[in-house]
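Biologist: I have a model open and a few spots to go through. Can you take me through them?

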Amino acid sequence: MTARFSHLTPAARRLWAKSGEAPGHGLLAHLLDVAAVAEVLLEHEPPATLEHFARQFGLPVPAFARHAAALAGLHDFGKAIPGFQDKWPEGRQADEALGLPFPPRSLSVAEHACASAALLWEHLSGLGIPHLLWIRHALQAISAHHGYHFNQPEFNRARPPFEPAAWAEARREIFAAYWAVLAPQGIPQVEALSLPAVQWLAGLTSVADWIGSNPDWFPPGEREDSLADYHADACRRAGRALAAIGWSRSAVLLREAATVDQLIGRIVQRPESSARPLQREADRLLDGVRGPALLLVEAPMGEGKTELAFLAHLRLQAANRHRGLYVALPTQATGNALFRRALTFLRAFAGDAALDMQLVHGGAALSDDVRRLQGIYGAPGESVTSSAWFSQRRRPLLSPYGVGTVDQALFAALNVKHHFVRLWGLANRVVVLDEVHAYDSYTGGLVEALLRWLKALGSSVVLMSATLPAQRRAALLRAWGVADEDAPAPAYPRLLLADERGLQGATCASRLLPSIRLQAVGAELDSLADCALECLRGGGCGALIVNTVERAQTLYLGLRERLGDSARLLLFHARFPADRRGEREREVLAAFGADGERPARALLIATQVAEQSLDIDFDFDFMLSDLAPVDLLLQRAGRLHRHRRTRPAAHAEARLFVAGLAPERLPDLKGTGWEYVYDPYILGRTWALLSREAELQLPQDIDRLVQAVYSKDGLPADLAEADRAFIEDEAYGSHLGKRQTEQMMALNVAIDPDAEPQAAYVQKCRGYEEGEEGLGLPNYTRLGEESVSLVPLHVVAGGWSLTADGEAFDPDQPLPDTLARALHARQLRTSRQALVRHLQAVEAPRAFAEHPLLRHLKPLPLEQGCLTLGRLRLRLDDELGLVYQGPLAAPGEQA
């Protein structure tokens with residue numbers, strides 16, 4: 001006999017899952033909706049995903065999808081308890097009218113997600129399944145759909161006390177009807193689930209619930225009386241919902257055989273192009289790749305590593321049926337720049353497939369590129385668009401293609417809300433991690449944890465760096481499961497590939513750059529300014545990179561006065577509002593980029609944020625830099641005389657002037673503030689070794705110098721005893737302690753994919769991301785002083801204004817979206833502690849608190865462009881950015 005809604009008892013039929021107009025949406029109907037979404041989602045996945053996780057459930061692929069969907073649909077079973085049903089007065093009245101009592105003592109348990117696990121245990125364990133631990137793990141997964149996994153004490157308290165028998169009878173009826181409709185075939189042949197399998201099921205459950213709870217796609221009510229017909233209708237609706245979202249079926253980009261030259265020509269959109277040696281050697285290693293793989297690329301700047309990453313994705317996806325690509329960069333700005341290149345790449349290979357692509361970081365809403373892609377979403381003939389559904393918080397990594405920050409991927413390995421949704425999105429992907437040398441021991445430890453997760457989830461990884469110390473290389477390989485003794489060390493540039501065949505290595509030729517003369521200059525600002533003026537007298541375009549914003553602002557003011565109109569002067573650092581910083585980025589690109597109009601005489605004054613943010617093909621005639629770690633100095637040196645061009649006679653030879661590099665004595669790291677920006681031990685070793693070099697030969701010297709500075713080898717014999725003692729004793733002791741502390745912090749905070757599911761979250765604080773309320777683990781994927789994102793505003797007659805002479809708005813009234821977007825676009829981040837404490841203590845006005853774009857930002861009202869906080873005075877200057885006047889910048893102050 002066909003099961004029908006009308007065959008259920010009135011109590012089982014009327015228990016509600018979604019409130020609203022009476023009678024709401026019934027619990028059984030909602031469970032069937034979500035199960036249908038989960039099943040259709042899995043139909044959109046590539047076979048490799050299902051094969052990978054079916055093995056972990058001990059099921060054949062055809063049976064696995066139905067089992068996973070049936071489990072995911074049960075997520076809200078715990079809503080059939082008095083404590084939850086009491087939340088909607090009309091729903092409670094209807095329940096009581098049908099004979100379901102609500103004794104006060106039973107109302108103490110109202111958390112339905114954890115109750116789902118506790119109450120389902122008796123139903124699933126009663127089906128005659130031989131191994132019960134996997135059921136416990138599956139219930140842990142589906143009960144986490146509100147964002148966090150529950151611990152054992154919470155599970156123990158999740159059954160309603162003193163509950164009348166009528167409730168259990170209604171639940172038994174709902175479960176029997178639901179399970180009969182889904183009727184999964186076979187029994188999982190495993191005793192327990194791995195933690196990666198638990199996280200994957202948790203992610204599937206949450207995503208299916210988000211979609212299945214949308215009343216536009218799944219209207220409330222019993223849309224069919226037959227439960228089988230209702231489920232079939234829900235599957236059709238799920239298909240339409242995914243189409244509306246832009247969630248297309250998985251497709252492989254590389255559909256036909258092609259040579260490496262043909263692929264590179266399509267990637268760079270120049271068919272006549274041929275592969276560079278690095279790209280050709282990587283393609284040779286990838287030929288015949290077996291299973292998910294790790295490709296580690298160490299090569300100089302300008303050797304085509306980005307194009308190699310796209311090439312590797314094509315080969316790895318074709319071999320393993322990976323579902324997509326995520327490229328993770330150190331900063332939002334580098335993500336923005338690469339997003340355009342990735343878009344060009346996808347359009348070249350999309351064919352007739354409709355691909356979704358997301359920019360994945362907190363400032364994505366500000367991107368004109370993203371807005372254009374969202375504007376053409378759904379338009380016929382557009383191969384790559386950007387769905388607004390995927391762009392919402394926690395969802396961007398679900399899209400098969402994306403470019404963003406490494407932080408967004410690292411959250412997947414931390415106990416932040418719905419971190420398993422990120423893991424679900426990263427599963428069976430090709431994940432590219434660029435600039436892997438650029439992180440401290442803490443963030444580096446999180447990267448290693450992420451690598452372990454990605455391998456367990458069936459993903460392939462491409463790691464890229466120009467300047468990777470040997471110990472970091474070894475740690476990354478160990479995270480992938482490669483033992484130190486198995487790792488070859490080919491000559492630089494080097495490639496390493498680890499797959500099911502083992503570990504292979506290769507090297508290749510690289511383009512030689514002109515030799516660079518290395519010259520010392522005093523660390524004082526006057527010495528730097530005098531040197532810059534002397535260089536500019538010879539004409540040409542140069543860069544002056546300093547370690548703090550204060551030094552950059554002071555140098556800019558002094559040089560502006562001395563140069564007048566004789567040269568173009570540009571200032572770039574992180575303390576501009578986002579919209580102004582975007583304008584500065586475009587000005588720098590126009591002046592010094594590969595396609596820019598090169599001025600006859602120009603100087604860029606910037607902090608290190610320029611190299612972190614402006615991932616472009618810079619080419620300078622001369623360069624000055626504060627002392628910095630050797631890898632950064634070498635990166636900067638690689639921007640000198642990068643291309644063949646006619647240069648002023650004064651700059652026929654490439655020269656890099658380094659402040660504080662004089663070999664006679666170590667510069668004052670405290671007085672300059674440099675020790676607050678970089679590790680004094682690495683600065684000291686860089687100074688000691690680089691100050692003995694007369695010139696740089698790139699790329700030959702890159703690996704030699706990086707390994708020398710980051711190793712424990714001895715320092716030059718002629719070093720002054722005081723400098724040697726500082727570097728080898730005082731600085732090294734602090735360096736070692738800091739590194740060990742950071743490594744332990746990363747180990748303690750990251751979730752271990754090898755842990756037993758029931759024990760994985762013991763002593764792991766529940767964390768939160770920026771803008772979320774929460775206690776415990778803060779939202780840091782990187783260590784440093786606490787910071788806030790603020791919006792500078794001007795106090796004017798009638799309220800606040802975006803500009804000193806702009807139109808006023810009332811901060812105590814709701815804002816129109818256009819104004820909110822303009823305010824959002826002016827944000828900037830600060831870690832200046834006096835300012836952070838001040839902003840955290842001030843309650844946000846209604847205009848900010850009630851608008852979704854602004855509720856995570858802090859308004860900074862300025863009187864005549866200024867604010868005084870004790871000894872600190874700050875001023876917003878259109879040319880200089882945010883200026884601090886007072887005590888020196890605190891350690892960790894953002895550049």
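Modeller: One term beforehand: buried means under 20% relative accessible area, exposed over 50%, and partly exposed in between, with a 1.4 Å probe and protein chains only. This is a predicted model, where local features need pLDDT of at least 70, side-chain atom pairs count only at pLDDT 80 or more, and totals for chains, interfaces and linings use all residues. Residues are numbered from 1 along each chain as its sequence is written, and side-chain values use heavy atoms, with hydrogens and water left out.

Biologist: How many residues of α20 are buried?

Modeller: 13 of the 16 residues in α20 are buried, so the helix is mostly covered. Helices (H or I, at least four residues) and strands (E, at least two) are DSSP runs, numbered from the N terminus.

Biologist: What span does α20 reach?

Modeller: From first C-alpha to last, α20 (residues 441–456) reaches 23 Å, close to the 22 Å expected at 1.5 Å a residue. The expected span is 1.5 Å times one less than the number of residues.

Biologist: What is at the start of α20?

Modeller: There, a side-chain oxygen of D440 comes to within 3.2 Å of the backbone nitrogen of Y442. Just after the helix, G458 has a positive phi of about 80°.

Biologist: Switching topic, where is H851?

Modeller: H851 sits in the loop between α32 (846–849) and β22 (858–862).

Biologist: Is H851 buried or exposed?

Modeller: Buried, because the relative accessible area of H851 is 9%. Leaving aside neighbours within four places in sequence, H851 is in contact (heavy atoms within 4.5 Å) with L815, D817 and A820.

Biologist: And which residues does T205 touch?

Modeller: Not counting residues up to four places away in sequence, T205 touches A72, H75, I142 and H145. T205 lies in helix α11 (residues 195–212) and counts as buried, at 0% relative accessibility.

Notes: Polar contact = N/O pair within 3.5 Å; in protein donor to acceptor, adjacent residues only side chain to side chain.
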